[in-house]
Amino acid sequence: MVYGRGMTTTDNPGDRIAKVLARAGVASRREAERMIAAGRVTVNGRTIESPALNVTASDRITVDGAPLAEAEPPRLWLYHKPAGLVTTARDEHGRDTVFDALPADMPRVMSVGRLDLNSEGLLLLTNDGGIKRQLELPSTGWLRRYRVRLHGRPTDTDFDPLRRGIEVEGIRFQPMQVTLDRQQGANAWVTVALREGRNREVRRAMEALGFTVNRLIRVSYGPFQLGQLKPGEVEELRRKVVRDQLGLDDADTTGTAKPAPKRRPRRRPPGKH
């Protein structure tokens, strides 16, 4: 994408620079704002330090000295995250990340929210920062559904505090939908659905009731389902599905994405394990 001299102030036509970077798949809007503050972005040859800037299609934008690439149509993937991977681009402790395990031919993608190290199941991936933001905003209220295995023998009424909303360590969790499914030996399986998705919310809420979560699998995120996807597998959604589910007017619907076959993960450089 080539940008020229149409740079404007924020009260004039154009799009906010962070939005343009996110749309091009460089980073989320928040991450793009940090990149701008670090002096990594130039517009028409000038380094900018504030995201309070609108740009148009005639502006020349570079990131770390490289011209901004042409924005791809919005794309969305379903990924079955195995336990034992962290949902970060880089881990300071050298642990394996979700992005290390993705197929080598995947484009640069961002995760929609996170699943913690020991959690499994559906993780949405996208090349579009706008989609990431839309799916993560609390105001959109996407319902996340989890299958949860607890150590103990709970009764259905034990979960009433979660259904009403519970406060844990000074943080108020919104009411959850909780269904006691079955008892299996010393463990019980429950289904939990929530709309907030705070850090370790299900685990912390269950611990507040005296139960330890020993397995947690996210099975859906809004209308998107884990289905029969096996651990480590990735499936790209058809672009028409992305457009229809997210209400996008300008998405390219000509794609015919099919489930991607499971591939060997990228080789990690020596010394990073």
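1. Helix α6. In this predicted model, the buried residues of α6 are E201, V202, R203, R204, A205 and M206. The helix is thus mostly covered, with six of its eight residues buried. The cover over these buried residues includes the strands β10, β11 (166-168), β12 (171-173), β14 (187-194) and β15, together with α5. Just beyond the helix, G210 adopts a positive phi of about 95 degrees.

2. Largest nonpolar core. This core has 31 residues, and V148, V192 and M206 are the members that touch the most others. At least two residues of the core come from each of β7 (76-81), α3 (98-101), β9 (120-126), β10, β11, β14, α6 and β15. M206 therefore appears twice in this note: as a buried residue of α6, and as one of the three core members with the most contacts to other members.

3. Surroundings of V148. With neighbours within four places in sequence left aside, V148 is in contact with A188, W189, V190 and V192. The contacts of V148 also include V202, V213, R215 and L216. Of these partners, V202 is one of the buried residues of α6, and V192 is itself among the residues that touch the most other core members.

4. Second core. Another core lies apart from the largest one and has 18 residues. Among its members are L76, V112, L124 and L248.

5. Aromatic pairs. The count of aromatic pairs is two. In one of them, F159 and F211, the ring centres are 6.2 Å apart and the planes stand at 40 degrees, so the pair is tilted. F159 sits in the loop between β10 (144-151) and α5 (160-164), and F211 in the loop between α6 (201-208) and β15 (212-221), so the pair ties together parts that are 52 residues apart in sequence. Both residues, F159 and F211, are buried.

6. Salt bridge between strands. The whole structure holds 14 salt bridges. One of them joins R147 and D181, with 2.6 Å between the closest N and O atoms. R147 belongs to strand β10 and D181 to strand β13 (residues 177-184), so this bridge ties together parts that are 34 residues apart in sequence. Is each partner buried or partly exposed? R147 counts as partly exposed because its relative accessibility is 23%, and D181 likewise counts as partly exposed, at 35%.

7. Salt bridges around α5. D156 and R163 meet through their side chains in a salt bridge, 2.8 Å from N to O. D160 joins D156 and R163 in a network of salt bridges. D156 is partly exposed, with a relative accessible area of 40%. R163 is also partly exposed, its relative accessible area being 25%.

8. Salt bridge at α6. The side chains of R200 and E207 form a salt bridge with an N to O distance of 3.9 Å. A bridge requires the nitrogen to be within 4 Å of the carboxyl oxygen, so a distance of 3.9 Å still counts. R200 is partly exposed at 36% relative accessibility, and E207 is partly exposed with a relative accessible area of 44%. E201, V202, R203, R204, A205 and M206, by contrast, are buried.

Notes. Residues numbered from 1 in each chain as written. Predicted model: local features only at pLDDT ≥ 70, side-chain atom pairs only at ≥ 80, totals over all residues. Heavy atoms only, no water. Phe/Tyr/Trp six-rings, centres within 6.5 Å; stacked < 30°, edge-to-face > 60°. Helix = DSSP H or I, 4+ residues; strand = E, 2+ residues; numbered from the N terminus. Buried < 20%, exposed > 50% of the residue type's maximum accessible area, 1.4 Å probe, protein only. Contact = heavy atoms within 4.5 Å. Core = buried A, V, L, I, M, F, W, Y, C linked by side-chain atoms within 4.5 Å.
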